[in-house]
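Here is a short briefing to read alongside your model. Take a moment with the sequence and the 3D view, and then we can walk through a few places together.

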Amino acid sequence: MGNRSLNDTKRSNAHRRAVLHLLTGSVFGGAEEHALSILTTMSAYGFEPYLAAPGELIAAMEPGLSAAGVKCLPLEFASRLDLVAGARLLRFIRRENIVLVHCHLFTASLFGAGVARMAGVGAVLETCHGPEVWRMGKALRGSWSFWVDRQVGRLVDKYIAVSHAAAHHLIATKGVPKSKVRVIHNGRDLARFAPTDSRRRAATRAALGLGDEPACLTLARLDDQKGHRHLIDALAILAPRRPNLVTLLAGEGPLEPALRAQCAALGLADRVRFLGHRRDVPELLEAADLVVLPSLYEGLPLVAIETLAARRPMVATEVDGTPEVVIHERTGLLAPPANPPALAAAIERLLDDPALASRLASEGCKFVQENFALQRQIEQTAALYSELIELGRIGRKGEGKAA
């Protein structure tokens, strides 16, 4: 009886599909939103979801994690090679019989890929959410720039690129073999952002202190990547011709004091409103007349998908994966990054031409419905998980025979 019970347990563990997501940052941004969308839906595809991340991030991702039954390991990182955190992760992986570790961004792979292999995990996956500009500025020039990435990449079975631009970065810049890269576009629950009726729009605008004046919305954390300072310079260019234009900045971050000071210096303090962190994104989108994303770099921006799902006209910068969603003159308008005059011209064009704004919003909504639904992303990710887990099992059987 005891032997049968032990054998049953071994067979059960052999067929478990426990997947651990690893995040090393504490700020809840696009990569973290991407991971949360997978964590909260994967159980429907037969996977057991786990998350290892800083406690602050886990708290920010509630209550979605609890509702989906995600088991969490809070990890605090003293460095990217924290041995104490690594030992805790190793024990957790072994105890929970994790069969696949899904790292988000290179920092997670740098920390976790080796730990996963030491724990006997059969499959390691990394999602590339875009170029790590914070690293590139410090890296050595030429082929040595990503030497560490290539060494860590030996432990990674597959890379998910959230856009074709991210795939190009992995292959052409980092030197990842093309065979190891799979493009799976970001997706969103599009129905959540669909506009409802004029009453909700009117109520949200009233709560924001808006009347009939046009309102421009930017949804992004307040840091250098998102290009807010260039947007504020663009608003200063528009101010003489658009004195009633109100801009709403939804998000928080370290640049808020500097951005407030910039607005004050340019006479825009009463025209630019800082909303802080908001959970009512669908309502804000419905209240806005247009949305601007002035980023300096992106992977594939979720806010672009959300904006077009909400049938809102959009201006964005032509960086990385953004043009895969915001197609110039078809689903929105694009401007060069860090170019306030061009950004101002694109914003003014939409304000001056309601017919153009309406056409772009309608085409954009249709485009994301066809290409960026969350279910499509999750199904493709689940298929990749199954493929990697099966390959991992075959590999372990082969190693056992060789031994």
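Which residues in H11 meet which residues in H12? On the H11 side they are His228, Arg229, Ile232 and Asp233, and on the H12 side Leu259, Gln262 and Cys263. Please keep in mind that this is a predicted model. The points below start with this helix pair and then move on to a sheet, another helix and a loop.

**The H11 and H12 pair**
- Two packed helices are described by the angle between their axes and by the distance between those axes.
- Here, helix H11 covers residues 228-238 and helix H12 covers residues 256-265; their axes are 10 Å apart, at an angle of about 10 degrees.
- Because angles under 35 degrees count as roughly parallel, H11 is roughly parallel to H12.
- The crossing in which H11 passes H12 is right-handed.

**The open sheet**
- Six strands are at work here: the open sheet of 6 strands runs in the order S10-S9-S8-S11-S12-S13, and its pairing is parallel.
- At the edges stand strand S10 (272-276) and strand S13 (333-335); each has a single partner strand, so one side of each lacks a neighbour in the sheet.
- From one strand to the next, the twist averages 25 degrees.
- Strand S9 (residues 246-250) runs parallel to S10, and 4 bridges join the two.
- If you would like a spot to look at in this pairing, Leu249 stands opposite Phe274 in S10.

**Helix H9 and its two sides**
- In helix H9 (residues 164-173), the buried residues are Ala166, Ala167, His169 and Leu170.
- These buried residues lie on the same side of H9, because they cover an arc of only 155 degrees around the axis.
- His168 and Ala172, on the other side of H9, are exposed.
- An α-helix has 3.6 residues a turn, so residues three or four places apart point the same way.
- Gly175, just after H9, takes a positive phi of about 80 degrees.

**Ser26 in its loop**
- You will find Ser26 in the loop between strand S1 (18-22) and helix H2 (30-39).
- Is Ser26 buried, partly exposed or exposed? Its relative accessibility is 33%, so Ser26 counts as partly exposed.
- Leaving aside residues up to four places away in sequence, Ser26 touches Pro54, Glu56 and Leu57.
- Ser26 and Ala53 are 27 residues apart along the chain, and 7.7 Å separates their C-alpha atoms.

Key: Residues are numbered from 1 along each chain as its sequence is written. This is a predicted model: local features need pLDDT of at least 70, side-chain atom pairs count only at pLDDT 80 or more; totals for chains, interfaces and linings use all residues. Side-chain values use heavy atoms; hydrogens and water are left out. Buried means under 20% relative accessible area, exposed over 50%, partly exposed in between (1.4 Å probe, protein chains only). The arc is that of the directions from the helix axis to the C-beta atoms. Two strands pair if DSSP finds at least two bridges between them. Axes are lines fitted to C-alpha atoms, for helices over the stretch in contact, and angles run from 0 to 180 degrees between N-to-C directions. Angles under 35 degrees count as roughly parallel, over 145 as roughly antiparallel, 65 to 115 as roughly perpendicular and the rest as oblique. A crossing is left-handed if the near helix is turned anticlockwise from the far one by less than a right angle, and right-handed if clockwise. Contact means heavy atoms within 4.5 Å.
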